[in-house]
Amino acid sequence: MASPSSYSKTPRNREAVIIAGGGIGGLAAALALARKGFKSVVLEQAPQFGEIGAGIQIAPNAWHALDALGVGQLVKKEAVFIERLLMFDGVSGEKVIDIPLDQRFAKRFGNPYAVTHRADIHGSLLDGCKALPQLIELRTSSRVSGFAIEDGGVRVTLADGQALRGMALVAADGGKSVIREAIVGDPLPPATGHMCYRAVLNINDVPKDLRLPAATLWAAHNTHIVHYPLRGWKLFNLVATVIGKHTSGGHNEAATPEEALPFFSHYCDAVMKLMRTPKEFRRWMLQYREPVENWIRGPVALLGDAAHFMLQYMAQGAAMAMEDAVCLGQCADAADGDFTRAFRDYQERRIVRASRVQISANSLIGQIFHVADGLPREVRNDMFRGRPPERYYDALEWVFSAPDYVREFKAQRAPRRLARAAAARRRPPSRQRD
Ligand SMILES: Cc1cc2nc3c(=O)[nH]c(=O)nc-3n(C[C@H](O)[C@H](O)[C@H](O)COP(=O)(O)OP(=O)(O)OC[C@H]3O[C@@H](n4cnc5c(N)ncnc54)[C@H](O)[C@@H]3O)c2cc1C
């Protein structure tokens, strides 16, 4: 591995790396490259950087990536460190899975498990990028529409007709990536029928017996419900998922309780009390893609959802995007800025792990969460009932443990500017888009 030149004030690259998309993946990529001394320009299509959505779970591997990027401490300020991962049978109300997230867990995986608001994790990455203006340029209202590989670099075109040259292009433009169309050529992700109803509640409105220090999942035929506390226990995140008939193709649309509740009429009253609390839900139509064997073309690479768009059931999509970013920074460093070589190395290191998470997310639904009522439900409950924590920890080892490249990256010192930004940080409420 080449020696890290992350802390030099002079960028290693004369031409910037262009990053399409300023979501969690794109900002993480800019930070990872900056920590290795590479400058980048992040092109975000929206008029401002921000995150749509509500809560997000941060497993130990995601914390390792955040620490490697130098923003773990920022994110920790707002996160809630929950004590358990729970699964209840949605019909009978029986507790089926109970995974303690105590000292044993943190020791085993080198980090705890937490939940936070998406705006907080995105905002921390953004603060990290803003603290390094000599290495990271952030541009809004810049929609990438295409690219061409040319001598020693890439020419990227924007929807408004502008063109930009860079030494490489990282496509972090999400599940409907336009760059993916050119590299992989698969059609847009199809409608899946999976949809979720989300709400962020004031904690005081939540039934007292459900204010659990846990990420809690209720499972019943064709549906499941997830909830956990947010923002220092002031807010409460509720996500209820169903495989049903599509009513629209959209994201973040208003939906009434009258629309949502009938899908969950087979649930016990313990959780229906909570489901009846929101006056309005936000409806999300979920999409995903099948894993593919190629994410790269020369000095162009896909990252995050653009590479491995997955259903959220493993709660790992953002974690995978951040791990991608760290790996990409590490590979760029090792290849000393030869991005064609770096991206080959990046794909080789990342593709199996990310695809495994993609595939696992799908199988959780069929095998555990949405099993039919009656005997399949009894069998599922019997499989998990009374299982000791170590068996869960063993089963989760592959995903919750940090890959070597994340540990190596993390072991390197964070730039002073990031540490100063951490100390000075004040989060404006305008950061959140919804
Ligand atoms: C309901 C739900 C719950 C989830 N829960 C979790 C969880 O608990 N833990 C977890 O780790 N993950 C979770 N995920 C997954 C996670 O949200 C995503 O995997 C992650 O946000 C992907 O980040 P990204 O940057 O790759 O893509 P995105 O977040 O989609 O960001 C892409 C960015 O690119 C911009 N963009 C798009 N096209 C262009 C273009 N042509 N030019 C310029 N900019 C463009 C977009 O505006 C956006 O800002 C969840 C997802 C859902 C739907």
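At the heart of this tour is an open sheet of six strands, ordered 7-2-1-11-19-18, with mixed pairing. What you see is a predicted model. It holds 33 salt bridges, and a few of them are picked out below, along with a buried helix, a surface patch and some backbone angles.

**The six-stranded sheet**

- Two strands sit at the edges of this sheet, strand 7 (136-139) and strand 18 (296-297), and each of them pairs on one side only.
- Helix 1 (residues 24-35) packs on the sheet, where it touches strand 1, strand 2, strand 7 and strand 11 (168-171). The direction of helix 1 makes about 160° with that of strand 1.
- Strand 1 (residues 17-20) pairs with strand 2 (residues 40-43) in the parallel sense, over four bridges.
- To find one of these pairings by eye, look for Ile 18, whose bridge partner in strand 2 is Val 41.

**Strands 3 and 6**

- Strand 3 (residues 55-58) and strand 6 run antiparallel and are joined by four bridges.
- A handy landmark here is Ile 58, which stands opposite Ala 114 in strand 6.
- In a regular strand, side chains alternate between the two faces of the sheet.
- Strand 6 (residues 114-117) can be read in this light: Ala 114 and Thr 116 point one way, Val 115 and His 117 point the other way, and all are buried.

**Helix 2, a buried helix**

- How many of the nine residues of helix 2 are buried? Nine of the nine are, so helix 2 is largely enclosed by the rest of the structure.
- The buried residues of helix 2 include Pro 60, Trp 63, His 64, Leu 66 and Asp 67.
- After helix 2 comes Gly 70, which has a positive phi, near 85°.

**Salt bridges**

- Asp 67 forms a salt bridge with Lys 410, and the closest N and O atoms are 3.7 Å apart.
- Lys 410 belongs to helix 14 (residues 404-410) and Asp 67 to helix 2 (residues 60-68), so this pair ties together parts that are 343 residues apart in sequence.
- The two partners have their own settings: Lys 410 is partly exposed, with a relative accessible area of 28%, while Asp 67 is buried, with a relative accessible area of 19%. Asp 67 counts as buried because its 19% is under the 20% cut-off.
- Arg 350 and Glu 323 also meet through their side chains in a salt bridge, at 2.7 Å from N to O.
- Here Arg 350 lies in helix 11 (residues 339-369) and Glu 323 in helix 10 (residues 317-334), so the pair ties together parts that are 27 residues apart in sequence.
- Is Arg 350 buried or exposed? At 0% relative accessibility, Arg 350 counts as buried, and Glu 323 is also buried, at 0%.
- Another salt bridge brings together the side chains of Arg 385 and Asp 382, at 3.7 Å from N to O.
- Of this pair, Arg 385 is partly exposed, with a relative accessible area of 39%, and Asp 382 counts as exposed, at 54% relative accessibility.
- Arg 12, Lys 36, Asp 333 and Asp 336 are joined into one network by salt bridges that share partners.

**A nonpolar patch on the surface**

- Leu 375, Val 379 and Met 383 make a nonpolar surface patch of about 310 Å².
- Met 383 has its place in helix 12 (residues 375-384).
- With a relative accessible area of 46%, Met 383 is partly exposed.
- In an α-helix there are 3.6 residues a turn, so residues three or four places apart point the same way.

**Positive phi outside glycine**

- Ser 141 is found in the loop between strand 7 and strand 8 (144-150). Its phi is near 50°, a positive value in a residue other than glycine.
- Which loop holds Ala 315? Ala 315 lies between helix 9 (305-308) and helix 10.
- Ala 315 has a positive phi of about 55° although it is not a glycine, and it is partly exposed, with a relative accessible area of 22%.

Technical notes
Residues numbered from 1 in each chain as written. Predicted model: local features only at pLDDT ≥ 70, side-chain atom pairs only at ≥ 80, totals over all residues. Heavy atoms only, no water. Pairing = 2+ DSSP bridges. Contact = heavy atoms within 4.5 Å. Axes fitted to C-alpha atoms, helices over the stretch in contact; angles between N-to-C directions. Patch = residues over 30% accessible without salt bridge, like charges linked within 9 Å, V, L, I, M, F, W, Y side chains within 5 Å. Areas by Shrake-Rupley, 256 points an atom, 1.4 Å probe, with all protein chains shown as cover. Salt bridge = Lys/Arg side-chain N within 4 Å of Asp/Glu carboxyl O. Buried < 20%, exposed > 50% of the residue type's maximum accessible area, 1.4 Å probe, protein only.
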